[in-house]
Amino acid sequence: MVTKVNKTKDNTASLMYEAQSVNPLVWVYVNKVRSERGLPLSFKRHKYLIEPFTDLSKKQVYMKSAQMGVSIMMVLKTFWLAAFRNMNIIYTVPTVEDVRKFVPSKVNPIINNNLQISKWVKDKDSIETKK
């Protein structure tokens, strides 16, 4: 009986890993990913982000207003792509000043609030480079 339970747990863990390696949205749920504010990510009030979260098209363009959650989604998808698709990522923003605002307010808190992401990122203190 114990062996059967352990086998089921092992199988479930294997399936969960496989599912999260295929879909960034599954990865968010499995790992209980938190936002830059330390809150669990929820799509209850952001249902419109579910489809873009699973979109892995090479080119993506969004027309949106401010505070829609797209920046956080893209940062999380970037980490996911680097980890599960073994991609090197270059994240560009228009100016150095934008970088200096964006990284400390969005990227670094996401790294600090999520154990799995913090394990992936070696250079947590750099504003301009993350390894």
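The following conversation asks how the descriptive words used for this predicted model are justified.

User: What makes this an all-helix pattern, and how many helices and strands does the protein chain have?

Analyst: The protein chain has six helices and zero strands, and read along the sequence it follows the pattern α-α-α-α-α-α.

User: Why is Tyr29 called partly exposed, while Phe43 is called buried?

Analyst: Buried means under 20% relative accessible area and exposed means over 50%, with partly exposed in between. Tyr29 has a relative accessibility of 49%, so it counts as partly exposed. Phe43 has a relative accessibility of 6%, and therefore it counts as buried. Under this rule, buried residues make up 30% of the 131 residues in the protein chain.

User: What makes Tyr29 and Phe43 an aromatic pair, and why is the pair called tilted?

Analyst: A pair of aromatic rings is described by the distance of the centres and the angle of the planes. Rings pair if their centres lie within 6.5 Å, and those of Tyr29 and Phe43 are 5.8 Å apart, centre to centre, so they form a pair. Planes under 30 degrees apart would be stacked and planes over 60 would be edge-to-face, so the 45° between these two planes makes the pair tilted. The pair also links distant parts of the chain, since Tyr29 is in helix 2 and Phe43 is in the loop between helix 2 and helix 3, 14 residues apart.

User: How do you know that Trp80 and Phe84 are also a tilted pair, and where do they lie?

Analyst: Their rings are 5.8 Å apart, centre to centre, with 35° between the planes, and because that angle is neither under 30 degrees nor over 60, the pair is tilted. Both residues lie in helix 4, four residues apart, which is about one turn of the helix, and both Trp80 and Phe84 are buried. The structure holds five aromatic pairs, and ring pairs link Trp27, Trp80, Phe84 and Trp120 into a cluster.

User: What makes a group of residues a nonpolar core here, and which members touch the most others?

Analyst: The name is given to buried residues of nonpolar kinds, such as Leu and Phe, that are joined through side-chain atoms within 4.5 Å. The largest nonpolar core has 25 residues, of which Trp27, Phe53, Leu76, Phe79 and Ile117 touch the most other members. Helix 2, helix 4 and helix 5 each supply at least two residues of this core, and helix 4 gives the most, with nine residues. In soluble globular proteins, nonpolar side chains tend to be buried together. Taking Phe53 as an example, and not counting residues up to four places away in sequence, its contacts include Pro24, Leu41, Met73 and Leu76.

User: Why is the meeting of Glu36 and Lys106 called a salt bridge, and what does the pair tie together?

Analyst: A salt bridge needs a side-chain nitrogen of Lys or Arg within 4 Å of a carboxyl oxygen of Asp or Glu. The side chains of Glu36 and Lys106 meet at 3.4 Å, N to O, so this condition is satisfied. Glu36 lies in the loop between helix 2 and helix 3 and Lys106 lies in helix 5, so the pair ties together parts that are 70 residues apart in sequence. Both Glu36 and Lys106 are buried, and a search of the whole structure finds one salt bridge.

User: What is notable about the phi of Lys32 and of Asn86, and are these residues buried or exposed?

Analyst: Most residues other than glycine have a negative phi. Phi of Lys32 is near 50° and phi of Asn86 is near 55°, each a positive value in a residue other than glycine. Lys32 lies in the loop between helix 2 and helix 3, and Asn86 is in the loop between helix 4 and helix 5. Exposed means over 50% relative accessible area, so Lys32, with 66%, is exposed, and Asn86, with 69%, is exposed as well.

User: Which residues make the nonpolar surface patch, and why does Ile89 count as partly exposed?

Analyst: Met87, Ile89 and Tyr91 make the patch, which covers about 260 Å². Ile89, in the loop between helix 4 and helix 5, has a relative accessibility of 34%, which falls between 20% and 50%, so it counts as partly exposed.

Key: Residues numbered from 1 in each chain as written. Predicted model: local features only at pLDDT ≥ 70, side-chain atom pairs only at ≥ 80, totals over all residues. Heavy atoms only, no water. Buried < 20%, exposed > 50% of the residue type's maximum accessible area, 1.4 Å probe, protein only. Contact = heavy atoms within 4.5 Å. Phe/Tyr/Trp six-rings, centres within 6.5 Å; stacked < 30°, edge-to-face > 60°. Patch = residues over 30% accessible without salt bridge, like charges linked within 9 Å, V, L, I, M, F, W, Y side chains within 5 Å. Areas by Shrake-Rupley, 256 points an atom, 1.4 Å probe, with all protein chains shown as cover.
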